[in-house]
Each structure stands twice: as structure tokens, then as C-alpha cells.
Amino acid sequence: MAEKISINQSADYVGQTVTLGAWILNKRSSGKIAFLQLRDGTGFMQAVVVKEDIGEELFKTAKGITQETSLYITGVIKEDERSDFGYEMEVTDLEIIHEAVDYPITPKAHGTDFLMDHRHLWLRSKRQHAVMKIRNEIIRATYEFFNKEGFTKIDPPILTGSAPEGTSELFHTKYFEEDAFLSQSGQLYMEAAAMAHGKVFSFGPTFRAEKSKTRRHLIEFWMIEPEMAFYEHADSLKVQEEYVSYIVQSVLENCKLDLKLLGRDTEKLEKVKAPFPRITYTEAIKMLKEMDFDDIEWGDDFGAPHETAIANHFDLPVFIINYPTKIKPFYMEPNEEEEGTVKCADLIAPEGYGEIIGGSERINDLALLEERLKEHDLDPAAYSYYTDLRKYGSVPHSGFGLGLERTVAWISGVEHVRETSPFPRLLNRLYP
Ligand code: 4AD
Ligand code: MG
């Protein structure tokens with residue numbers, strides 16, 4: 001065995017003999033030469049095995065090698081312009097680690113259910129690999145952005161006793177003798193954290209027992225939740241558009257091959273730079289009426305077709321601001337400029353990917369907050385930590401939550417959020 005490297009280090013080893021630990025993605029061969037498509041997690045590479053150079057015995061092994069067999073493969077790294085990764089290997093030796101027999105996901109097309117049942121293996125495919133690399137880049141750029149902007153990362157609890165986004169979609173569990181719920185949002189805790197640290201963000205799993213079977217809904221998804229003390233809603237919108245621009249530009253910069261592999265139209269992403277357009281909910285209703293949507297009235301929440309119709313008017317993500325109070329959660333600050341509305345916004349991604357951010361200014365007046373809790377039939381005792389924040393140095397503050405999987409779907413250009421979570425939890429799917 002020569003020096004062990006990974007495929008993404010090839011540039012530094014051109015002309016040298018090295019060993020790769022790899023799996024076989026695919027293979028072509030003739031009587032004298034075999035082409036092995038390798039993957040090692042860091043990249044993809046073609047290995048060329050020539051019978052004359054390697055000898056009868058090893059050539060036979062190479063020719064018979066099966067998909068997903070693992071091996072150590074040794075050879076000389078060459079530049080190769082035809083390869084996306086730019087390099088290939090001229091093989092001098094190979095050693096099978098484990099022979100894979102009858103790998104279920106063959107290069108032919110498979111149905112979605114079959115692929116979802118084999119998600120643990122499907123993750124190895126080039127396409128799924130590219131989506132996870134983009135997800136990783138968005139996470140990396142998120143930490144970079146918020147650290148650069150002076151935010152502190154705070155981790156809210158996952159087991160909770162209260163419900164920020166309404167009680168109908170809660171996962172219920174026992175907490176010894178007490179009732180507990182899986183967190184739907186860390187927001188209320190992040191508000192407490194903002195009063196201690198000024199600007200904070202969280203990144204963690206959230207759970208919604210939503211009986212929705214759509215391309216945008218997961219039961220378990222990851223959310224990034226920034227919260228900022230002394231920020232009015234307009235200040236928060238600025239952070240949102242700068243943050244979203246930052247992650248899109250980071251993916252364009254650092255995931256070129258992944259986007260290419262997915263066939264993503266990157267021209268559309270290039271345009272995603274702050275500022276983003278803003279329209280009010282009331283204007284959005286008017287736009288929908290003009291587009292002959294008869295199924296919606298002022299006061300109704302938007303469905304996917306409405307959001308898509310509005311988004312199609314813009315090249316950029318669009319903020320819909322100031323929704324009616326009665327269709328939003330209890331904690332949103334009233335908008336005195338338009339009665340019956342609150343200071344909030346949903347950010348709607350282009351190309352039909354729907355809402356990727358929900359955010360608002362939070363009520364900072366104790367009496368009003370207590371009134372809203374009552375209106376929403378919420379037990380004040382369960383929220384006393386939250387009302388406390390309005391008793392001791394209450395300040396205007398705003399925040400938002402960005403859904404990671406929907407954002408990955410949009411930036412990657414994949415149709416359904418099930419491909420943007422490594423092991424998606426969906427209605428009727430808890431396996432693998
Ligand atoms: O709009 P939501 O419900 O807002 C909140 O939870 C606020 N407490 C956030 C905050 O202000 N700190 O959810 C925020 C985002 C949505 O815009 C969407 O991107 C994502 O979370 N989301 C989902 N993603 C996948 N599957 C689901 N079932 C989702 N529900 C919400
Ligand atoms: Mg929302």
C-alpha cells in the first residue's frame with residue numbers, strides 16, 4: 001500500500017503513486033482494459049486498469065468487481081480533463097476489502113418508495129451526495145454568517161412544557177409524571193436568551209405532528225432561529241435578506257460541482273442578493289384576486305398554490321408582511337398601521353418552493369401579552385418564564401425561523417424535501 005489519500009486531495013498528488021479506500025459505483029470493461037468508477041465520500045474518480053500492466057490475476061479481479069464492493073486501490077494520479085473532478089488513476093494494485101453482492105440500487109431507475117425504503121443506501125448515490133454537501137454548506141455558512149455578525153449560539157431545549165406555534169401539532173410524551181412535548185420551535189427560549197446576550201441564534205431539530213403529505217412538509221425538520229434585542233421588525237427583515245443571500249452565494253461559490261451534478265439553473269441563484277421585495281398580505285390578496293383566485297378571502301391563510309402564484313411574480317424571494325392577527329401565533333406585535341394585522345413576515349422562495357422563513361416582532365408589553373395568552377386559551381402558569389421577560393427590562397425585539405430542509409430543496413433545485421434530510425421523518429415513514 002502506498003500513502004493513503006482521499007479523492008479530494010488528488011491535486012496535490014499528480015504523478016505520484018497513492019492508495020485510495022473506495023467503493024465501486026460502476027464499471028465498464030473489455031478484454032484488455034477496465035474502467036472502475038470510484039467514490040470515497042470526498043469525491044468521484046475513474047480508475048483505469050490495464051491487463052498488460054497489472055497482470056492476468058488482478059485484471060480478472062477488477063473485471064469481476066461488483067457495485068458497492070469496497071477496496072484499497074493503488075496507482076498513479078493523472079490529470080484528466082474529461083472528468084468533472086479533473087483526475088483519474090492508473091491502477092497498479094488493488095485489494096478487495098469486502099465484496100458487495102446484489103446491491104439493491106442498480107444504475108437503472110427505481111421508484112420513490114423503493115428508494116425511501118433503502119434511504120440508508122440511497123445516500124451513497126451521486127445525487128443524494130450532492131444534496132447533502134449543499135445542506136452541509138448551508139449549515140457551515142449559517143454559523144459563519146451569525147458569528148461574523150456578532151450573534152451567540154444558544155441551544156434551546158427539545159423537551160418542553162409549552163407550545164409556541166399552537167397546540168394542535170404537538171408530539172406528546174411523558175416526562176416522568178408530567179406531560180411534555182417535543183419542541184416545535186425554540187423561539188420563546190431564544191427570546192429569553194436575547195435578553196441575556198442581545199443577538200442569539202439556535203440551530204436544532206423541531207417536530208410538528210402535521211398530517212400534511214406535501215413536497216414541503218417534514219415531521220422532523222431543522223430550524224435556524226435568530227432573535228435580536230432592540231430590533232424592530234424592519235431591522236429583522238434586513239438580517240433575513242442578508243442571511244439568505246449569504247447562504248445562496250456561499251453555495252454558489254463552494255458547491256459548484258454539486259449544483260452541476262443536480263442540473264441546477266444557477267443563473268436564478270446568482271440574482272439572489274439583498275434587498276428582497278416586500279408586499280403586504282393585503283396586497284397579496286389583491287394580486288391573487290387579479291389572478292382569478294376565487295378560493296381566498298382577506299383573513300384566510302395562504303396555501304401552496306397561492307404562495308407559488310405570488311412568488312412567480314418575482315425573481316427573488318419575496319417577503320409577505322403584516323398578516324392578519326387571527327391567523328398568526330399569540331406572541332406577535334400588533335401593526336398599528338393596519339388594523340387587525342401584526343408585524344410579521346413570511347419569506348417565500350422563488351420557483352414554487354414556498355415559505356422558507358417565518359418571523360415577527362414580538363409583543364413586549366406585559367398586559368397585551370397576558371391578554372393574548374388568554375385569547376389563545378394558553379395556561380399562564382406554563383408561560384410565566386415568558387411573561388417574566390416583559391417584567392424586567394422589556395425591550396422591542398424580533399426574530400425569525402428558517403427551515404433548513406425547504407431552503408436546501410430550493411437552493412439544490414430538488415422537488416421534494418424528503419431528499420434534503422438524511423433520514424426524513426414523513427407522515428407514514430419512520431424507517432429507516
Ligand atoms: O413559520 P414557522 O412555524 O415559524 C416558527 O416556528 C417561529 N417560531 C420561528 C421564529 O420566529 N423563531 O416555521 C418556520 C419555518 C418555516 O418558514 C418553514 O421553512 C419551516 O420552518 N417549517 C417546516 N419545514 C419542513 N416541514 C415542516 N412541517 C415545517 N414547518 C415549518
Ligand atoms: Mg410559518
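**Exercise 1. State how far apart the end C-alpha atoms of residues 132-432 lie, and what share of the span is helix and what share is strand.**

Solution. In this predicted model, the end C-alpha atoms of residues 132-432 are 17 Å apart. Turning to secondary structure, the span is 34% helix and 20% strand. The record can then be consulted: an unreviewed UniProt entry places the feature "domain: Aminoacyl-transfer RNA synthetases class-II family profile" at residues 132-432.

**Exercise 2. Describe the protein chain as a whole, and work out how it is divided into domains.**

Solution. Begin with the secondary structure, which comes to 14 helices and 17 strands for the protein chain. Next take the extent of the C-alpha trace, which spans about 85 × 55 × 40 Å along its principal axes. The division into domains follows: domain 1 covers 3-98, while domain 2 is made of 119-181 together with 229-419, and the C-alpha centres of domain 1 and domain 2 are separated by 45 Å. Finally, consider contacts in the protein chain with a separation of 6 or more, of which 65% are accounted for by residues 24 or more positions apart.

**Exercise 3. Identify the residues closest to ligand 1, and characterise the shell around ligand 1 by element and by residue class.**

Solution. Ligand 1 is surrounded by 23 residues, the closest being Ser 185, Gln 187, Gly 358, Gly 401 and Gly 403. Sorting the shell by element, those that give two or more residues are β12 (220-229), β16 (354-361), β17 (397-403) and α14 (404-412). Strand β16 supplies the largest share, with 5 residues. Sorting the shell around ligand 1 by class instead yields 8 nonpolar, 8 polar and 7 charged residues.

**Exercise 4. Locate the largest nonpolar core, follow the contacts of Ile 320, and say what other core lies apart from the largest one.**

Solution. As background, nonpolar side chains in soluble globular proteins tend to be buried together. In the protein chain, 38% of the 432 residues count as buried. The largest nonpolar core has 70 residues, of which Ile 134, Phe 319 and Ile 320 touch the most other members. Helix α7 (residues 233-254) gives this core its largest share, 8 residues. Following Ile 320 and leaving aside its neighbours within four places in sequence, one finds contacts with Ile 279, Tyr 281, Ala 284, Ile 310, Ala 345, Asp 346 and Ile 348. Apart from the largest core lies another, of 23 residues, among them Ile 7, Ala 22, Ala 34 and Ile 65.

Key: Residues are numbered from 1 along each chain as its sequence is written. Chains are lettered from A and ligands numbered from 1 in the order in which they are written. This is a predicted model: local features need pLDDT of at least 70, side-chain atom pairs count only at pLDDT 80 or more; totals for chains, interfaces and linings use all residues. UniProt positions are given in the numbering used here, feature names are shortened, and annotations may be inferred rather than shown by experiment. Helices (H or I, at least four residues) and strands (E, at least two) are DSSP runs, numbered from the N terminus. A residue is buried if 20 or more other C-beta atoms lie within 10 Å of its own, exposed if 12 or fewer, and partly exposed in between; C-beta atoms are placed from the backbone. Two residues are in contact if their C-beta atoms, placed from the backbone, lie within 7 Å. Domain bounds come from an automatic or database domain assignment. A residue is near a molecule or strand if its C-beta atom, placed from the backbone, lies within 6 Å of it. Ala, Val, Leu, Ile, Met, Phe, Trp, Tyr, Cys and Pro count as nonpolar, Asp, Glu, Lys and Arg as charged, and the others, Gly among them, as polar. A nonpolar core is a set of buried Ala, Val, Leu, Ile, Met, Phe, Trp, Tyr and Cys residues joined through C-beta atoms within 7 Å.
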